[in-house]
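User: I'd like to go through the open and closed spaces in this model, then the helix packing. Can we keep it quick?

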Amino acid sequence: MDQEPILSVQHLNVKFSLRGKVLHAIRDVSLDLFKGETLAIVGESGSGKSVLTKTFMGLLDANGWIDSGSILYNGQDLAKYKTEKEWLTIRGREIAMVLQDPMTSLNPLKTIGAQIEEALKLHQNLTGTSAHKRMIETLTDVGITEPERRAKQYPHEFSGGMRQRVVIAIAMACNPKILICDEPTTALDVTIQAQILHLIRDLVRKYSLTTVYITHDLGVVANVADRVAVMYAGDIVEIGMAREVFYDARHPYTWALLSSLPQLGVKGEKLFSIQGTPPSLFQEIHGDAFAARNPHALKIDFERRPPMFEVSPTHFARTWLLHPDAPKVEPPPVLKRLRREEVRV
(Lines give C-alpha, C1' and ligand atoms only; values in the text may rest on other atoms or scores of the structure.)
Protein backbone atom coordinates (compact mmCIF):
# COMPACT_ATOMS: atom_id res chain seq x y z
CA MET A 1 0.00 0.00 0.00
CA ASP A 2 1.49 3.35 -1.07
CA GLN A 3 1.90 5.88 1.69
CA GLU A 4 0.93 8.69 -0.69
CA PRO A 5 -2.88 9.03 -0.63
CA ILE A 6 -4.70 8.88 -3.97
CA LEU A 7 -7.52 10.91 -2.35
CA SER A 8 -7.39 12.96 0.84
CA VAL A 9 -10.41 14.33 2.72
CA GLN A 10 -9.62 17.08 5.23
CA HIS A 11 -12.07 18.49 7.84
CA LEU A 12 -15.08 17.92 5.58
CA ASN A 13 -18.48 19.26 6.65
CA VAL A 14 -21.59 18.51 4.59
CA LYS A 15 -25.02 19.99 5.31
CA PHE A 16 -28.56 19.58 3.95
CA SER A 17 -31.53 21.93 4.06
CA LEU A 18 -34.65 20.00 5.09
CA ARG A 19 -38.03 21.54 5.92
CA GLY A 20 -36.47 24.88 6.72
CA LYS A 21 -33.86 23.32 9.05
CA VAL A 22 -30.20 22.45 8.50
CA LEU A 23 -28.97 18.88 8.95
CA HIS A 24 -25.23 18.49 9.59
CA ALA A 25 -24.67 15.14 7.81
CA ILE A 26 -20.84 14.95 7.74
CA ARG A 27 -19.09 16.47 10.76
CA ASP A 28 -15.42 17.42 10.41
CA VAL A 29 -14.33 14.18 8.71
CA SER A 30 -10.70 13.63 7.68
CA LEU A 31 -9.74 10.49 5.74
CA ASP A 32 -6.89 9.37 3.49
CA LEU A 33 -7.50 6.76 0.78
CA PHE A 34 -4.31 5.02 -0.32
CA LYS A 35 -3.57 3.81 -3.84
CA GLY A 36 -4.37 0.13 -4.37
CA GLU A 37 -6.10 -0.46 -1.04
CA THR A 38 -9.63 -1.63 -0.25
CA LEU A 39 -11.19 0.57 2.41
CA ALA A 40 -14.51 -0.39 4.00
CA ILE A 41 -16.71 2.31 5.56
CA VAL A 42 -19.13 0.74 8.03
CA GLY A 43 -21.89 1.99 10.31
CA GLU A 44 -25.64 1.98 10.90
CA SER A 45 -28.05 3.41 8.32
CA GLY A 46 -27.93 7.21 8.44
CA SER A 47 -24.35 7.36 9.74
CA GLY A 48 -23.17 9.29 6.66
CA LYS A 49 -21.37 6.55 4.72
CA SER A 50 -23.05 7.14 1.35
CA VAL A 51 -23.16 10.93 1.74
CA LEU A 52 -19.39 11.02 2.34
CA THR A 53 -18.58 9.08 -0.84
CA LYS A 54 -21.13 10.96 -2.95
CA THR A 55 -19.08 14.11 -2.32
CA PHE A 56 -16.19 12.45 -4.21
CA MET A 57 -18.33 12.39 -7.37
CA GLY A 58 -20.54 15.48 -7.07
CA LEU A 59 -23.63 13.37 -6.44
CA LEU A 60 -25.10 15.20 -3.44
CA ASP A 61 -28.83 15.91 -3.68
CA ALA A 62 -29.80 19.43 -4.74
CA ASN A 63 -30.51 20.43 -1.11
CA GLY A 64 -27.03 19.38 0.08
CA TRP A 65 -23.72 21.23 -0.02
CA ILE A 66 -20.12 21.03 1.18
CA ASP A 67 -20.00 23.65 3.92
CA SER A 68 -16.23 23.50 4.52
CA GLY A 69 -13.19 21.27 4.12
CA SER A 70 -11.34 19.82 1.13
CA ILE A 71 -11.27 16.66 -1.03
CA LEU A 72 -7.87 16.52 -2.72
CA TYR A 73 -7.48 14.34 -5.82
CA ASN A 74 -4.75 14.65 -8.47
CA GLY A 75 -3.80 18.12 -7.22
CA GLN A 76 -7.42 19.33 -7.47
CA ASP A 77 -9.79 20.20 -4.62
CA LEU A 78 -13.04 18.46 -5.59
CA ALA A 79 -14.87 20.32 -2.81
CA LYS A 80 -14.57 23.46 -4.96
CA TYR A 81 -16.19 21.88 -8.04
CA LYS A 82 -19.54 23.51 -8.85
CA THR A 83 -20.50 22.64 -12.44
CA GLU A 84 -21.53 19.40 -14.13
CA LYS A 85 -18.79 20.01 -16.72
CA GLU A 86 -16.16 19.92 -13.96
CA TRP A 87 -17.64 16.77 -12.40
CA LEU A 88 -17.71 14.93 -15.74
CA THR A 89 -13.90 15.02 -15.73
CA ILE A 90 -14.03 12.94 -12.51
CA ARG A 91 -17.30 10.99 -12.49
CA GLY A 92 -16.97 7.69 -14.34
CA ARG A 93 -13.53 8.48 -15.76
CA GLU A 94 -11.61 8.71 -12.48
CA ILE A 95 -14.09 7.64 -9.78
CA ALA A 96 -16.97 5.23 -10.49
CA MET A 97 -19.73 3.86 -8.27
CA VAL A 98 -21.63 0.56 -8.05
CA LEU A 99 -25.00 1.07 -6.34
CA GLN A 100 -26.86 -1.45 -4.20
CA ASP A 101 -29.99 -1.90 -6.30
CA PRO A 102 -29.20 -2.73 -9.96
CA MET A 103 -32.83 -2.26 -11.03
CA THR A 104 -32.74 1.44 -10.15
CA SER A 105 -29.29 1.82 -11.76
CA LEU A 106 -30.30 0.39 -15.14
CA ASN A 107 -32.67 1.83 -17.75
CA PRO A 108 -35.40 -0.79 -18.41
CA LEU A 109 -36.01 0.60 -21.91
CA LYS A 110 -32.44 0.22 -23.22
CA THR A 111 -30.44 -2.91 -23.99
CA ILE A 112 -27.51 -3.81 -21.75
CA GLY A 113 -25.02 -3.17 -24.55
CA ALA A 114 -26.48 0.26 -25.35
CA GLN A 115 -26.17 1.33 -21.69
CA ILE A 116 -22.51 0.35 -21.49
CA GLU A 117 -21.76 2.03 -24.83
CA GLU A 118 -23.53 5.16 -23.59
CA ALA A 119 -21.10 5.34 -20.64
CA LEU A 120 -18.15 4.82 -23.01
CA LYS A 121 -19.32 7.64 -25.28
CA LEU A 122 -19.93 10.04 -22.37
CA HIS A 123 -16.71 9.38 -20.44
CA GLN A 124 -14.21 8.09 -23.02
CA ASN A 125 -15.50 9.54 -26.32
CA LEU A 126 -15.67 6.01 -27.77
CA THR A 127 -18.23 5.32 -30.51
CA GLY A 128 -18.96 2.73 -33.19
CA THR A 129 -16.73 -0.34 -33.45
CA SER A 130 -14.34 0.85 -30.70
CA ALA A 131 -17.19 1.26 -28.21
CA HIS A 132 -18.75 -2.09 -29.18
CA LYS A 133 -15.42 -3.92 -28.78
CA ARG A 134 -14.79 -2.36 -25.36
CA MET A 135 -18.38 -3.14 -24.29
CA ILE A 136 -17.94 -6.85 -25.17
CA GLU A 137 -14.58 -6.94 -23.31
CA THR A 138 -16.21 -5.43 -20.24
CA LEU A 139 -19.10 -7.91 -20.21
CA THR A 140 -16.57 -10.75 -20.50
CA ASP A 141 -14.55 -9.25 -17.61
CA VAL A 142 -17.56 -9.41 -15.28
CA GLY A 143 -18.26 -13.05 -16.11
CA ILE A 144 -21.23 -12.70 -18.48
CA THR A 145 -21.15 -15.56 -20.98
CA GLU A 146 -22.20 -15.12 -24.61
CA PRO A 147 -21.67 -11.34 -24.37
CA GLU A 148 -22.69 -10.65 -27.99
CA ARG A 149 -26.12 -12.22 -27.39
CA ARG A 150 -26.58 -10.87 -23.85
CA ALA A 151 -25.68 -7.32 -24.94
CA LYS A 152 -28.87 -7.24 -27.04
CA GLN A 153 -31.08 -8.13 -24.04
CA TYR A 154 -32.88 -5.84 -21.58
CA PRO A 155 -32.41 -5.64 -17.77
CA HIS A 156 -35.63 -7.60 -17.04
CA GLU A 157 -34.15 -10.60 -18.89
CA PHE A 158 -31.32 -10.85 -16.35
CA SER A 159 -31.36 -12.27 -12.80
CA GLY A 160 -30.52 -9.99 -9.84
CA GLY A 161 -26.91 -11.24 -9.69
CA MET A 162 -26.44 -10.81 -13.46
CA ARG A 163 -27.90 -7.29 -13.33
CA GLN A 164 -25.38 -6.41 -10.63
CA ARG A 165 -22.62 -7.71 -12.90
CA VAL A 166 -23.89 -5.35 -15.62
CA VAL A 167 -23.83 -2.40 -13.19
CA ILE A 168 -20.22 -3.32 -12.34
CA ALA A 169 -19.45 -3.55 -16.07
CA ILE A 170 -20.79 -0.01 -16.63
CA ALA A 171 -18.64 1.27 -13.76
CA MET A 172 -15.55 -0.58 -15.05
CA ALA A 173 -16.00 0.33 -18.73
CA CYS A 174 -14.24 3.66 -18.28
CA ASN A 175 -11.18 2.30 -16.44
CA PRO A 176 -11.66 4.35 -13.25
CA LYS A 177 -8.87 4.69 -10.68
CA ILE A 178 -11.27 4.49 -7.71
CA LEU A 179 -14.30 2.17 -7.50
CA ILE A 180 -16.93 2.90 -4.83
CA CYS A 181 -19.20 -0.06 -4.01
CA ASP A 182 -22.28 1.13 -2.11
CA GLU A 183 -23.80 -1.97 -0.42
CA PRO A 184 -23.21 -3.93 -3.66
CA THR A 185 -24.63 -7.21 -2.33
CA THR A 186 -27.58 -6.06 -0.18
CA ALA A 187 -30.34 -7.03 -2.63
CA LEU A 188 -28.81 -10.45 -3.41
CA ASP A 189 -29.05 -13.85 -1.75
CA VAL A 190 -26.05 -15.21 0.14
CA THR A 191 -24.56 -17.44 -2.57
CA ILE A 192 -24.80 -14.68 -5.19
CA GLN A 193 -23.31 -12.19 -2.67
CA ALA A 194 -20.17 -14.34 -2.43
CA GLN A 195 -19.87 -14.49 -6.23
CA ILE A 196 -20.18 -10.70 -6.60
CA LEU A 197 -17.58 -10.07 -3.87
CA HIS A 198 -15.24 -12.56 -5.54
CA LEU A 199 -15.78 -10.83 -8.90
CA ILE A 200 -14.98 -7.39 -7.46
CA ARG A 201 -11.82 -8.80 -5.81
CA ASP A 202 -10.69 -10.21 -9.18
CA LEU A 203 -11.31 -6.88 -10.95
CA VAL A 204 -9.45 -4.99 -8.22
CA ARG A 205 -6.40 -7.21 -8.78
CA LYS A 206 -6.61 -7.15 -12.60
CA TYR A 207 -6.97 -3.37 -12.90
CA SER A 208 -5.02 -2.29 -9.75
CA LEU A 209 -8.11 -0.48 -8.49
CA THR A 210 -8.46 1.49 -5.29
CA THR A 211 -11.76 0.41 -3.77
CA VAL A 212 -14.18 1.83 -1.20
CA TYR A 213 -16.87 -0.49 0.20
CA ILE A 214 -19.87 1.03 1.96
CA THR A 215 -21.67 -1.46 4.16
CA HIS A 216 -23.45 -2.01 7.48
CA ASP A 217 -22.35 -5.66 7.47
CA LEU A 218 -19.03 -6.17 9.23
CA GLY A 219 -19.17 -9.80 8.12
CA VAL A 220 -18.75 -8.69 4.48
CA VAL A 221 -15.87 -6.42 5.48
CA ALA A 222 -13.87 -9.28 7.01
CA ASN A 223 -13.41 -10.87 3.59
CA VAL A 224 -12.64 -7.86 1.42
CA ALA A 225 -11.11 -4.92 3.31
CA ASP A 226 -7.51 -3.92 3.98
CA ARG A 227 -8.65 -1.08 6.25
CA VAL A 228 -11.92 -0.27 8.01
CA ALA A 229 -13.38 3.14 8.91
CA VAL A 230 -16.28 3.08 11.37
CA MET A 231 -18.78 5.95 11.02
CA TYR A 232 -21.30 7.16 13.57
CA ALA A 233 -23.52 10.25 13.37
CA GLY A 234 -21.58 11.74 10.46
CA ASP A 235 -18.14 11.23 12.01
CA ILE A 236 -15.38 8.63 11.73
CA VAL A 237 -14.99 7.22 15.24
CA GLU A 238 -12.43 4.47 14.54
CA ILE A 239 -10.12 3.58 11.66
CA GLY A 240 -7.46 0.93 11.28
CA MET A 241 -6.31 -2.16 9.43
CA ALA A 242 -9.14 -4.70 9.19
CA ARG A 243 -7.39 -7.07 11.64
CA GLU A 244 -6.94 -4.24 14.15
CA VAL A 245 -10.57 -3.15 14.02
CA PHE A 246 -11.86 -6.73 14.25
CA TYR A 247 -9.56 -8.09 16.94
CA ASP A 248 -8.49 -4.97 18.84
CA ALA A 249 -11.42 -2.53 18.48
CA ARG A 250 -11.24 0.38 20.94
CA HIS A 251 -14.36 2.49 20.42
CA PRO A 252 -17.50 1.36 22.31
CA TYR A 253 -19.56 1.82 19.14
CA THR A 254 -17.27 -0.58 17.24
CA TRP A 255 -17.61 -3.00 20.17
CA ALA A 256 -21.39 -2.75 19.85
CA LEU A 257 -21.33 -3.32 16.07
CA LEU A 258 -19.14 -6.41 16.47
CA SER A 259 -21.24 -7.73 19.36
CA SER A 260 -24.37 -7.57 17.20
CA LEU A 261 -22.93 -9.79 14.44
CA PRO A 262 -25.23 -12.85 14.17
CA GLN A 263 -22.26 -15.16 13.54
CA LEU A 264 -20.81 -14.24 16.95
CA GLY A 265 -24.04 -15.05 18.80
CA VAL A 266 -24.22 -17.94 21.26
CA LYS A 267 -26.95 -20.54 20.76
CA GLY A 268 -29.74 -20.05 23.30
CA GLU A 269 -28.65 -16.50 24.17
CA LYS A 270 -30.41 -13.34 23.02
CA LEU A 271 -28.59 -11.59 20.17
CA PHE A 272 -27.01 -8.29 21.24
CA SER A 273 -28.61 -5.06 20.00
CA ILE A 274 -27.48 -1.46 20.50
CA GLN A 275 -29.86 0.33 22.87
CA GLY A 276 -31.23 3.81 22.09
CA THR A 277 -31.13 5.76 18.84
CA PRO A 278 -28.50 7.93 17.13
CA PRO A 279 -28.59 11.66 17.94
CA SER A 280 -30.46 14.12 15.74
CA LEU A 281 -28.10 15.75 13.26
CA PHE A 282 -30.44 18.76 13.11
CA GLN A 283 -29.02 19.77 16.49
CA GLU A 284 -25.46 20.61 17.45
CA ILE A 285 -23.77 17.63 19.09
CA HIS A 286 -21.73 18.32 22.20
CA GLY A 287 -19.12 15.79 23.26
CA ASP A 288 -19.06 12.21 21.93
CA ALA A 289 -22.11 11.55 19.71
CA PHE A 290 -22.30 7.97 21.05
CA ALA A 291 -22.28 9.02 24.72
CA ALA A 292 -26.02 8.59 25.37
CA ARG A 293 -25.91 4.97 24.09
CA ASN A 294 -22.54 4.10 25.62
CA PRO A 295 -22.74 2.12 28.91
CA HIS A 296 -19.09 3.10 29.58
CA ALA A 297 -19.59 6.85 28.98
CA LEU A 298 -17.54 9.22 31.12
CA LYS A 299 -18.65 12.67 32.24
CA ILE A 300 -16.35 14.30 29.67
CA ASP A 301 -18.07 12.31 26.88
CA PHE A 302 -21.12 14.59 27.29
CA GLU A 303 -19.02 17.77 27.26
CA ARG A 304 -16.13 17.55 24.79
CA ARG A 305 -15.63 15.79 21.46
CA PRO A 306 -12.73 13.36 21.90
CA PRO A 307 -9.69 13.68 19.64
CA MET A 308 -8.42 10.79 17.52
CA PHE A 309 -6.18 8.80 19.86
CA GLU A 310 -3.41 6.70 18.29
CA VAL A 311 -3.59 2.99 19.14
CA SER A 312 -0.89 2.09 16.59
CA PRO A 313 0.59 3.94 13.59
CA THR A 314 -2.30 2.55 11.49
CA HIS A 315 -5.07 2.44 14.11
CA PHE A 316 -6.93 5.42 15.62
CA ALA A 317 -10.10 5.78 17.70
CA ARG A 318 -12.10 8.82 18.81
CA THR A 319 -12.90 7.89 22.42
CA TRP A 320 -11.97 9.36 25.79
CA LEU A 321 -11.45 5.78 27.05
CA LEU A 322 -8.02 5.95 25.37
CA HIS A 323 -6.96 8.98 27.42
CA PRO A 324 -4.14 8.05 29.85
CA ASP A 325 -6.31 9.20 32.82
CA ALA A 326 -9.41 7.23 31.76
CA PRO A 327 -10.50 4.22 33.84
CA LYS A 328 -9.66 0.81 32.40
CA VAL A 329 -12.71 -0.67 30.63
CA GLU A 330 -12.69 -4.22 29.32
CA PRO A 331 -14.25 -4.93 25.90
CA PRO A 332 -17.38 -7.12 25.90
CA PRO A 333 -16.97 -10.92 26.23
CA VAL A 334 -17.87 -11.53 22.58
CA LEU A 335 -14.77 -9.57 21.51
CA LYS A 336 -12.55 -11.61 23.82
CA ARG A 337 -13.97 -14.71 22.13
CA LEU A 338 -13.16 -13.16 18.74
CA ARG A 339 -9.55 -12.57 19.85
CA ARG A 340 -9.22 -16.16 21.04
CA GLU A 341 -10.46 -17.33 17.63
CA GLU A 342 -7.81 -15.16 15.94
CA VAL A 343 -5.02 -16.61 18.11
CA ARG A 344 -6.21 -20.09 17.17
CA VAL A 345 -6.09 -19.17 13.46
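**Cavities, pocket and helix packing**

Analyst: A starting point is the lining of the largest cavity, whose residues are 5 nonpolar, 1 polar and 5 charged. Keep in mind that this is a predicted model.

User: Which residues line the largest cavity?

Analyst: The lining consists of R27, Y232, D235, V237, G287, D288, A289, F290, R305, P306 and R318.

User: And how much space lies in the largest cavity?

Analyst: About 50 Å³.

User: How many cavities of 30 Å³ or more does the count come to?

Analyst: The count gives 2 cavities of 30 Å³ or more. The second largest cavity holds about 30 Å³ of space.

User: What lines the second largest cavity?

Analyst: Its lining is made of R134, T138, D141, V142, M172, L203 and Y207. Two elements, α5 (128-141) and α8 (190-207), each give two or more residues to that lining.

User: Which element has the largest share there?

Analyst: That is α5, with 3 residues in the lining of the second largest cavity.

User: What about the lining by class?

Analyst: The second largest cavity has 4 nonpolar, 1 polar and 2 charged residues in its lining.

User: Switching to pockets. What volume does the largest pocket have?

Analyst: The volume of the largest pocket is about 630 Å³. It is lined by 21 residues, and M97, L99, S105, H123 and I170 are the closest to its centre.

User: Which elements give two or more residues to that lining?

Analyst: They are β6 (95-98), α4 (112-124) and α7 (160-172). The largest share comes from α4, at 5 residues.

User: How do the residues of the pocket lining divide by class?

Analyst: For the largest pocket the split is 13 nonpolar, 5 polar and 3 charged.

User: On to packing. What are the angle and axis distance for α4 and α7?

Analyst: The axes of α4 and α7 are 8 Å apart, and the packing angle is about 25°. Angles under 35 degrees count as roughly parallel, so α4 is roughly parallel to α7.

User: Is that crossing left-handed or right-handed?

Analyst: The crossing of α4 past α7 is right-handed.

User: Which residues meet between α4 and α7?

Analyst: From α4, I112, Q115, I116 and A119 meet V166, A169 and I170 of α7. By class, this contact has 6 nonpolar residues, 1 polar and no charged. I170 of α7 takes part in this contact, and I170 is also among the residues closest to the centre of the largest pocket.

User: Now α4 with α5. At what angle do their axes cross?

Analyst: The axes of α4 and α5 cross at roughly 115° and come within 9 Å. The range 65 to 115 degrees counts as roughly perpendicular, which means α4 is roughly perpendicular to α5.

User: Left-handed or right-handed for α4 past α5?

Analyst: The crossing of α4 past α5 is right-handed.

User: What makes the contact?

Analyst: On the α4 side, I112, G113, I116, E117 and L120. On the α5 side, A131, H132, R134, M135 and L139. These residues divide into 6 nonpolar, 2 polar and 2 charged.

User: Where else does R134 turn up?

Analyst: R134 is one of the residues that line the second largest cavity. On the α4 side, I112 and I116 are in the contact with α5, and I112 and I116 also meet α7.

How values were computed: Residues are numbered from 1 along each chain as its sequence is written. This is a predicted model: local features need pLDDT of at least 70, side-chain atom pairs count only at pLDDT 80 or more; totals for chains, interfaces and linings use all residues. Side-chain values use heavy atoms; hydrogens and water are left out. On a 1 Å grid over the protein atoms alone, a cavity is a set of points where a 1.4 Å probe fits but cannot get out, and a pocket is an open set with protein on both sides within 12 Å along at least five of seven lines; lining residues have an atom within 4 Å of a point. Grid points are joined across faces, edges and corners, and a volume is the space filled by probe spheres set on the points. Ala, Val, Leu, Ile, Met, Phe, Trp, Tyr, Cys and Pro count as nonpolar, Asp, Glu, Lys and Arg as charged, and the others, Gly among them, as polar. Helices (H or I, at least four residues) and strands (E, at least two) are DSSP runs, numbered from the N terminus. Axes are lines fitted to C-alpha atoms, for helices over the stretch in contact, and angles run from 0 to 180 degrees between N-to-C directions. Angles under 35 degrees count as roughly parallel, over 145 as roughly antiparallel, 65 to 115 as roughly perpendicular and the rest as oblique. A crossing is left-handed if the near helix is turned anticlockwise from the far one by less than a right angle, and right-handed if clockwise. Contact means heavy atoms within 4.5 Å.
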